[in-house]
Amino acid sequence: MNIEFHRLALADFDDLAAGGGRAGLVLGLRRTQLSKRLLALHAVMTDADERAQAAAATAGLANAYGVLAAAQRQAPEATEAVLLAPGLGLWAMHCLRRLHGNASPATPLEEDLGILGNYAVAAALRAGLCATVAVPLRGGHLLIPAVGRVQAGLAGWATVRIEGTVLHLTAGQADNLPSQSLALQIPSDPAAMPDFPAQSQRGQWRMVPELVSVANGRRVALLLDDVDPARDLLELPMAPDAATEDVDVWQQRLDDGWRILGDYDPRTAEAVAAGLATIYPLASSSWAEELSASSGEAFGAVALTLPRDGLSFAAALVHEFQHTKLSALLDLVALVKPVDERLFYAPWRRDPRPLPGLLQGAYAYLGLTGFWDYRRHAENGDEYAHFEFARWRDEVWRVLSTLRFSGAMTPLGLRFLNGMQSTIRVSRQKPVPDGPGELARRAADDTRLTWQLRNAEPSPAQITLLAKAWIEGGQPPPASRIPTRIVPGNHGLVTGSRLALAQLRLLDPKRFEAARQGVPHVLDTTVSAADRALAFGDPQTAAQRYKDEIGREPDLLDAWAGLALCRRQHSAPGSRVLIARPEVVQRLHRRIEELSGLRADPDAVASWLPEPVP
């Protein structure tokens, strides 16, 4: 398997830095990913031969590799599509981590390595190659990435003989039972039979559907792949098989989203069509009804819950395609110096992030800032678009400042930051209406306050000294910095009732007004009275209710953040302390109770502390 040498022109680098990237450049990045896959495959073969304890674990691997190599010789272009399958990248990097002792899944090594056989079957089919491959069956199914799954009714491992469009399966059963065989005909018209019937029979296929949209002469084709056996390596809530029963809904929303994306920026639409090929459908969860994700190991794929509408679909494609471009670039050049273990605030995450994660997120939201800027003008008076634009242009700017002053960017990394900042600087000079602009500032403050309360841990010794001084009725020490460390954990995206209420106000003002008027059952019962009062414009009532919540449950961090939000526009004593260092006030409040048994007033604790040192 031949590997190419690749070069990236500085002008193309600068284009990517500014958030762009034409279709031709993206196709070039795609070629680099093919070389990466070939190198990863070679590394898996070498390391498995050297590190696998049992020869049986590598026998099927060598056979599958041989079939892939034969398919590439016979039909190079057809086989490239398999080599670039997103799951193959996930699988190769997972196997390398496992062979080097950096992953310890419960799955037997032989089964993990055997997944290459699934891709070898796909390659043999595409190349028209007669071949025999050993594959692990899953739940009685044969899985062929980007093709489909078939109910084989067999267990364990199977030997697959590929002859044209006919597959002959032979699988051994439990001890002392004979092997079983099955001949499978791949349907000539996959679109005519996308789903299993209610009672699946042996030999029944479920083909991978393809979503195809054309708008303004531009075409995009995305496989809705719930078959790829490596997709679970993303460790995301993958949708059950039934998710692809909504293919028509997926298609409709892609059609709407593709029109929006083409109207926004034809060049971006063409680049997305060149770089993305697969959607892994995700299941909604209690912490994220809508979720999108991507991985640098799975170039060309987006993991996505069913978007609520075309606008959400378009925004998700923009967001994840930014990640896709940057991940491919980072395979070519170093933008961040290695071995920097510091963690930082990322306004899109609940947990602290390392510098590479900070760069990835900033680049993704750089793209979204441009998208929402377009949207707020395309839809006159779209307050939600104003809100998203204002929110992310300022958050991206702050994150870029963190990256610049981290001291960890390479010379090329600093040049990349320059390109990003030049783009976002223009956005920050544009006016935003007061209403959505204020909601964006409040959402940003809320996110930062909640993040500090979750992840910043002030020195326990210093907090204890302060608590003893409070209890003894003494004066606080003069203003000084309280050492704080960032605690990793609290994984997840930014969610919460206050953000949901702001979004409801902008997306569905009639329903929001009904909730304000007290119409029952408009809001979920989990939305607190304090959050409602703050959203409805009564910070005084909200503050008292947040204090009531803290009185009942002192460790309720969302209530502490809400109280700080209520104080952000007032000059009352302690408000600056509560806003700047909410984690210090909360930990001191807790320590006072632990030492004295008394539950102090949060405002009194905040006003007792000296003003924060800048």
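**Crossings, a sheet and ring pairs**

Author: In this predicted model, helix α12 crosses helix α14 in a right-handed way.

Reader: What makes the crossing of α12 and α14 right-handed?

Author: A crossing is right-handed if the near helix is turned clockwise from the far one by less than a right angle. The crossing of α12 with α14 is assigned to that class, and the angle between these helices is about 45°.

Reader: Why are α12 and α14 called oblique to each other?

Author: Angles under 35 degrees count as roughly parallel, 65 to 115 as roughly perpendicular and over 145 as roughly antiparallel, and the rest are oblique. Helix α12 (residues 383-405) and helix α14 (residues 434-455) pack at about 45°, with their axes 8 Å apart. That value falls in none of the named ranges, so the two helices are oblique.

Reader: Which residues of α12 and α14 meet?

Author: From α12 come Glu383, His386, Phe387, Ala390, Arg391 and Glu395, and they meet Pro436, Leu439, Ala440, Ala443, Ala444 and Thr447 of α14. By class, this contact has seven nonpolar, two polar and three charged residues.

Reader: How do α11 and α13 cross?

Author: The axes of α11 (residues 355-378) and α13 (residues 411-428) cross at roughly 35° and come within 11 Å. The crossing is left-handed. Among the residues of α11 in the contact are Leu359 and Tyr363, and those of α13 include Phe416 and Met420. The contact has eight nonpolar, three polar and no charged residues.

Reader: What makes β2 and β7 edge strands?

Author: The sheet is open, has three strands in the order β2-β3-β7, and its pairing is antiparallel. Strands β2 (141-144) and β7 (205-207) each pair on one side only, and so they are the edges.

Reader: How do you know that β3 and β7 pair?

Author: Pairing needs at least two bridges. Three bridges join β3 (residues 148-151) to β7, so the two strands pair, and they run antiparallel. Valine 150 stands opposite tryptophan 205 in β7.

Reader: How many aromatic pairs are there?

Author: The count is 14 aromatic pairs, with ring centres within 6.5 Å. One of them joins phenylalanine 13 and phenylalanine 416.

Reader: Why is the pair of phenylalanine 13 and phenylalanine 416 called edge-to-face?

Author: Planes over 60 degrees apart count as edge-to-face. The planes of this pair are 65° apart and the centres 5.6 Å apart, so the pair is edge-to-face. Phenylalanine 13 is in helix α1 (residues 10-17) and phenylalanine 416 in helix α13, 403 residues apart, which links distant parts of the chain.

Technical notes. Residues are numbered from 1 along each chain as its sequence is written. This is a predicted model: local features need pLDDT of at least 70, side-chain atom pairs count only at pLDDT 80 or more; totals for chains, interfaces and linings use all residues. Side-chain values use heavy atoms; hydrogens and water are left out. Axes are lines fitted to C-alpha atoms, for helices over the stretch in contact, and angles run from 0 to 180 degrees between N-to-C directions. Helices (H or I, at least four residues) and strands (E, at least two) are DSSP runs, numbered from the N terminus. Contact means heavy atoms within 4.5 Å. Ala, Val, Leu, Ile, Met, Phe, Trp, Tyr, Cys and Pro count as nonpolar, Asp, Glu, Lys and Arg as charged, and the others, Gly among them, as polar. Rings of Phe, Tyr and Trp (its six-membered ring) pair if their centres lie within 6.5 Å; planes under 30 degrees apart count as stacked, over 60 as edge-to-face and the rest as tilted.
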